[in-house]
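Reader: I have a structure in front of me and would like to go through it carefully, with the reasoning spelled out at each step. Could you show it first?

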Amino acid sequence: MKKVTINSVASHAGVSKKTVSRVLNNEPNVSVATREKVLAVFKELDYTPNPIARGLAQNRSFIIGCLYDNPSKSYITRVQTGALAACQENNYNLLIHPCEFRGEALINNIEQLLQTSRLDGIVLTPPFGDFAELVNFLKSKKIPYARVASAILEDDSISVRSNDEQGAFEVTEHLISLGHKSIAFIKGHPDHSATQQRFKGYRRSLASHGIEFNERLVEEGNFSYHSGVDSARSILDLSPRPTAVFASNDYMAAAVLKLATQRQLRVPDDISIAGFDNAPIARHIWPGLTTIAQPVEEMTKQAVTQLISHIEQPQDEPFQVILESRLITRESTAQVKK
């Protein structure tokens, strides 16, 4: 079968090669009718742009990089799903690049990445979006970037996030509404801004109901399942034992549920457990976890879409938006027993 080229598309659509190129690159100076005609020919001929040839022609790579350092495979999968959707819609490729946030060679790592892959832009997932040294480095190199789930609000870059503090407030409110007053809390990774935001929401809810904050009920986790096990052990050893546990993500919450079950505690009759994120594990274990559903895929998709738009045609005003999260109640939480 003969390969379909940009010349084939131009000939079939009765337009110039330059017009086809403008449609490919989403340039504004193409009429609606012409754009629709060219897009119809793309579909009819099953035309797929060659990113290498396209990049050489425009001295660009058409590759978006996505940096991550997160122990949750589920979170990274959801980030990748959203980023891929945006890249595919705009004929870009995606490069997923794991980095160690606390590593001394982080900046050198990113500099080498830029030299070898010629990225057109970078998406910063937590905690990279809050790391001033990295952000300043990208600015100095004039590399467009977008931040996902960052707590920084005054920056002039693209930013898409959900309200972690409000989400944690709503989970804690839910537990208090069920009669719980002794609510343990497991923090997330100390480098992630979401950790402090969720802790802040938890404390705000306690204060709004006149419940005294107790440091003994707070454990340090890092968003991993194993850190949840260690935290759960300390919490369940407390005397008196709290009647509810709120973990900063679902994997740590799942660890609490497992350890509680191993100790012959009934969930939620003996202890209620809640998480955050609405990861697949929250739906797949029993009892199902009460949690906050935050739109990770949509946050990343919007961030990448806006980043590509900025690369194609730089904008003076930064795109910054907060997406809504929602409380999902499942079987792991119930009325406290008197």
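Author: What follows is a set of questions and answers on the sheet, the helices on it and a group of aromatic rings, all taken from a predicted model.

Reader: In what order do the six strands of the open sheet lie?

Author: The sheet is built from six strands, and their pairing is parallel. Strand E2, residues 93-98, and strand E11, residues 320-323, each pair on one side only, which makes them the edge strands. Reading from one edge to the other, the order is E2-E1-E3-E4-E5-E11.

Reader: Which residue of E11 is the bridge partner of Arg 161?

Author: Strand E5 covers residues 158-162 and runs parallel to E11, to which four bridges join it. Within E11, the partner of Arg 161 is Ile 322.

Reader: What angle does the direction of helix H13 make with that of E5?

Author: Helix H13, residues 296-312, packs on the sheet and touches E1, E3, E4, E5 and E11. Another helix, H5 (residues 73-89), lies across E1 and E2 and runs at about 155 degrees to E2. For H13 and E5, the angle is about 170 degrees.

Reader: How far apart in sequence are the parts that the pair of Phe 185 and Phe 199 ties together?

Author: The two rings form a tilted pair, with 5.5 Å from centre to centre and 35 degrees between the planes, and both residues are buried. Phe 185 belongs to strand E6 (residues 183-186) while Phe 199 belongs to helix H9 (residues 193-208), so the pair links parts whose separation in sequence is 14 residues.

Reader: Why are the rings of Phe 199 and Tyr 202 classed as they are, tilted or stacked?

Author: Both residues lie in helix H9, three residues apart, which is about one turn of the helix. Planes under 30 degrees apart count as stacked. The ring centres of Phe 199 and Tyr 202 are 6.1 Å apart and their planes meet at 20 degrees, so the pair is stacked.

Reader: Is Tyr 202 buried or exposed?

Author: Buried means under 20% relative accessible area. Phe 199, its partner in the pair, has a value of 10% and is therefore buried. Tyr 202 has a relative accessibility of 1%, so Tyr 202 is buried.

Reader: Over the ring of which residue does the charged end of Arg 203 sit?

Author: Phe 185, Phe 199, Tyr 202, Phe 213 and Phe 246 make up one aromatic cluster. Lys 187 lies over the face of Phe 199, at 4.2 Å from the ring centre. The charged end of Arg 203, at 3.7 Å from the ring centre, sits over Phe 213.

Notes:
Residues are numbered from 1 along each chain as its sequence is written. This is a predicted model: local features need pLDDT of at least 70, side-chain atom pairs count only at pLDDT 80 or more; totals for chains, interfaces and linings use all residues. Side-chain values use heavy atoms; hydrogens and water are left out. Two strands pair if DSSP finds at least two bridges between them. Helices (H or I, at least four residues) and strands (E, at least two) are DSSP runs, numbered from the N terminus. Contact means heavy atoms within 4.5 Å. Axes are lines fitted to C-alpha atoms, for helices over the stretch in contact, and angles run from 0 to 180 degrees between N-to-C directions. Rings of Phe, Tyr and Trp (its six-membered ring) pair if their centres lie within 6.5 Å; planes under 30 degrees apart count as stacked, over 60 as edge-to-face and the rest as tilted. Buried means under 20% relative accessible area, exposed over 50%, partly exposed in between (1.4 Å probe, protein chains only). A charge sits over a ring if NZ of Lys or CZ of Arg is within 6 Å of the ring centre and within 35 degrees of the ring normal.
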